[in-house]
Amino acid sequence: MKRKDILGLYDLSAEEIDEILSVGDSMKKLLRQNIKKLPHLQGKSVTTLFYENSTRTRCSFELAAKYMGAHVVNITAASSSVQKGETLVDTGKTLDAMRNDVIVIRHPMGGAPQLLAKTVKAHVVNAGDGMNEHPSQALLDMLTMRECFGKIKGLKVAIMGDIAHSRVAKSNLYGLKKLGAEVRFFAPRTLMPAEIDRMGAIVCKSREEAVEGADVVMGLRIQLERQHAGNFPSLGEYAKFYGVNEGVLKYAKQGALVMHPGPVNRGVELTSSLIDGDTSRIEEQVLSGIAVRMAMLFLLTKEEV
């Protein structure tokens with residue numbers, strides 16, 4: 001990989017995405033053997049700079065870096081000089097002066113990683129910016145799919161839930177389309193972005209239409225923290241008319257994968273029986289997350305031959 005930063009899948013080529021997935025697959029095989037001491041980032045420093053709460057993404061980036069021998073520093077907005085009025089640009093300059101090799105950033109404002117990347121010499125990895133993109137989540141989703149099906153091309157993927165506020169949905173749309181998958185979206189009208197079909201998504205009018213013949217059914221978390229009241233009447237009614245249950249899943253292909261980026265609101269986006277069922281890959285996605293983030297960090301920092 002010849003680029004300095006990974007800011008979104010909109011910018012990555014199909015070849016770059018495939019390279020990350022291939023290296024991620026190799027990393028995952030090592031993790032399955034419980035090999036967690038690798039030299040790939042020996043002598044490198046990685047800082048996670050999180051302006052929003054996170055469990056899965058932050059922990060997996062930290063573990064990914066540590067498993068490959070990097071020195072890792074964690075910074076949250078609540079415990080940083082942001083509370084004293086320091087700007088993102090100045091924070092970046094400070095981290096650069098400390099000779100950081102990689103900065104992994106999550107920020108509530110779309111475009112913040114791009115701004116940081118222009119400011120610093122360090123490699124910048126977008127761990128989620130506002131309602132824009134979440135590239136590593138989409139990559140781990142695709143790694144999970146590819147491991148199960150042996151390919152991405154030709155897959156039919158139904159993504160259902162809070163599309164409007166989901167950076168996961170957008171990154172998955174960009175990545176899956178570039179690798180030849182069909183992406184279907186379904187959500188309440190109030191949670192479906194206008195004209196998103198122009199980006200390549202098939203916008204469906206019902207759960208059944210979205211799931212019909214699908215290889216993968218992915219629920220999305222209802223992001224109440226990003227919403228205004230009135231997008232839907234109640235969580236109970238959302239679950240009844242828009243959630244995925246056993247009856248809805250019957251329209252998908254036999255053995256269709258059930259996925260979710262987490263955390264899951266049980267009984268709202270997905271029923272507990274689907275979350276814990278035989279075709280659920282939600283826990284598998286977590287392991288894929290460490291593997292794909294190991295691949296991203298390694299490919300960005302490896303020395304040119």
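How many disulfides does the structure hold? In this predicted model, the count comes to 0 disulfides. Two cysteines may be considered in this context. Cys 59 is partly exposed, its relative accessible area being 42%, whereas Cys 204 has a relative accessibility of 7% and counts as buried. Cys 204 returns below as a member of a nonpolar core.

The description may begin with the sheets. One of them is an open sheet of 4 strands, arranged in the order β2-β1-β3-β4 with parallel pairing. Its edges are formed by β2 (71–76) and β4 (123–129); each has a single partner strand, so one side of each is left without a neighbour in the sheet. From one strand to the next, the twist averages 15 degrees. Within this sheet, strand β3, which spans residues 102–107, pairs with β4 in the parallel sense over 5 bridges. Along this pairing, Val 104 has Val 125 of β4 standing opposite. Helix α11 (residues 282–301) packs on the sheet and touches both β3 and β4. The direction of α11 makes about 150 degrees with that of β4.

The loop that leads into β3 offers a contrasting environment. Arg 99 lies in the loop between α3 (88–97) and β3, and with a relative accessible area of 64% this arginine is exposed. Along the chain, Arg 99 and Lys 121 are 22 residues apart, and their C-alpha atoms are separated by 8.9 Å.

A further open sheet is built from 5 strands in the order β7-β6-β5-β8-β9, with parallel pairing. Here β7 (202–203) and β9 (257–259) stand at the edges; because each has a single partner strand, one side of each is left without a neighbour in the sheet. The edge strand β7 pairs with β6 (residues 182–186) in the parallel sense, over 2 bridges. In this pairing, Phe 185 stands opposite Val 203 in β7.

Which residues have the most contacts inside the largest nonpolar core? They are Ile 20 and Phe 185, in a core of 69 residues. Helix α11 gives the most to this core, with 10 residues; the helix is thus a recurring element, as α11 also packs on the sheet at β3 and β4. Beyond four places in sequence, Ile 20 touches Met 1, Ile 6, Leu 12, Leu 139, Val 292, Ala 295, Met 296 and Leu 299. Apart from the largest core lies another, of 18 residues, among them Cys 204, Ala 256, Leu 274 and Ile 275.

Helix α5 (residues 135–149) contains Ser 136. Is Ser 136 buried or exposed? Its relative accessibility is 0%, and Ser 136 therefore counts as buried. Leaving aside neighbours within four places in sequence, Ser 136 is in contact with Phe 61, Val 292, Arg 293 and Met 296. Val 292 and Met 296 are also among the residues that Ile 20 touches.

The loop that follows α5 also has a buried position. Leu 155 lies in the loop between α5 and β5 (156–160), and its relative accessible area of 2% makes Leu 155 buried. Not counting residues up to four places away in sequence, Leu 155 touches Met 145, Phe 149, Ala 181, Glu 182 and Asp 215. Ile 222, by comparison, is 67 residues from Leu 155 in sequence and 25 Å from it in space, C-alpha to C-alpha.

Aromatic residues complete the picture. The structure holds 3 aromatic pairs. In one of these, Tyr 10 and Tyr 174 are arranged edge-to-face, at 5.2 Å centre to centre and with 70 degrees between the planes. Tyr 10 lies in the segment before α1 (14–32) and Tyr 174 in helix α6 (residues 167–178), so the pair ties together parts that are 164 residues apart in sequence. The partners are set in contrasting surroundings: Tyr 10 is exposed, with a relative accessible area of 57%, while Tyr 174, at 15% relative accessibility, counts as buried. Elsewhere, ring pairs link Phe 186, Tyr 238 and Tyr 242 into a cluster.

Methods:
Residues numbered from 1 in each chain as written. Predicted model: local features only at pLDDT ≥ 70, side-chain atom pairs only at ≥ 80, totals over all residues. Heavy atoms only, no water. Buried < 20%, exposed > 50% of the residue type's maximum accessible area, 1.4 Å probe, protein only. Contact = heavy atoms within 4.5 Å. Disulfide = S-S within 2.5 Å. Pairing = 2+ DSSP bridges. Axes fitted to C-alpha atoms, helices over the stretch in contact; angles between N-to-C directions. Phe/Tyr/Trp six-rings, centres within 6.5 Å; stacked < 30°, edge-to-face > 60°. Core = buried A, V, L, I, M, F, W, Y, C linked by side-chain atoms within 4.5 Å.
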